[in-house]
Amino acid sequence: MLGFNGGLLGVSRTPGFGAAVGLWTPQEQCIAQLRKRWQASAAPVYSQSSLYSGATAASLDNMTNGSFTDTATATDAIGTEWVKVDYGQIVRMESVVIGTATGNIPGGWSKGYTENRNVQSSTDDSNWTTLFNTGLFASEGIYTFYLTPVEARYLRITIAGYIAISEFYAL
């Protein structure tokens, strides 16, 4: 679509769940602006403690595409599991976006595998500070958790058990 989209000319659009064709939701604008900024510098790198058989590994593309219905990653339940983002430098985090798992993804995942997980930050990848617990979600979807601003290089979601997540990044 050509035209003014919050200053995002030339940025491709992946419509989020339920979004009208041609219209950018605020979430999509934010994601597109982040991707545009990341293209100009080093993009965040995703990793995870383990990969559930048949699941897709966490990546910039599938953790920031604005959809909780078509992509996700899942870990095994070997021990303390995590999905982590390395921003390459210390950044200011004011909120964290989390997309729940959904039953639409092969493997039968549900929002229960995203609930009650701890979200933590670190400047050195060794010492972690718990920012919040996701708690319970009213329904499957994408949620924004607002923070007292924190400066960190790493962000992770963790629990002793399975994790299934479709969106995960800091703003």
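Colleague: How many salt bridges does the structure hold?

Modeller: This predicted model holds four salt bridges.

Colleague: Why is the meeting of aspartate 125 and lysine 84 called a salt bridge?

Modeller: The N to O distance between their side chains is 2.9 Å. The cut-off is within 4 Å for a Lys or Arg nitrogen and an Asp or Glu carboxyl oxygen, so the pair counts. Aspartate 125 sits in the loop between E4 and E5 and lysine 84 in strand E3, 41 residues apart.

Colleague: Are lysine 84 and aspartate 125 buried, exposed or partly exposed, and how do you know?

Modeller: Lysine 84 has a relative accessible area of 11%. Buried means under 20%, so lysine 84 is buried. Aspartate 125 is at 30%, and the range between 20% and 50% is called partly exposed, so that term applies to aspartate 125.

Colleague: What makes aspartate 86 and arginine 153 a link between parts of the chain?

Modeller: Their side chains meet in a salt bridge at 2.8 Å, N to O. Aspartate 86 belongs to strand E3 and arginine 153 to strand E6, so the pair ties together parts 67 residues apart in sequence.

Colleague: Why is aspartate 86 called buried and arginine 153 partly exposed?

Modeller: Aspartate 86 has a relative accessible area of 18%, which is under 20%, so it is buried. Arginine 153 has 26%, which lies between 20% and 50%, so arginine 153 is partly exposed.

Colleague: How do you know that arginine 92 and glutamate 94 form a salt bridge?

Modeller: Their closest N and O atoms are 2.7 Å apart. That is within 4 Å, so the pair counts as a salt bridge.

Notes: Residues are numbered from 1 along each chain as its sequence is written. This is a predicted model: local features need pLDDT of at least 70, side-chain atom pairs count only at pLDDT 80 or more; totals for chains, interfaces and linings use all residues. Side-chain values use heavy atoms; hydrogens and water are left out. Helices (H or I, at least four residues) and strands (E, at least two) are DSSP runs, numbered from the N terminus. Buried means under 20% relative accessible area, exposed over 50%, partly exposed in between (1.4 Å probe, protein chains only).
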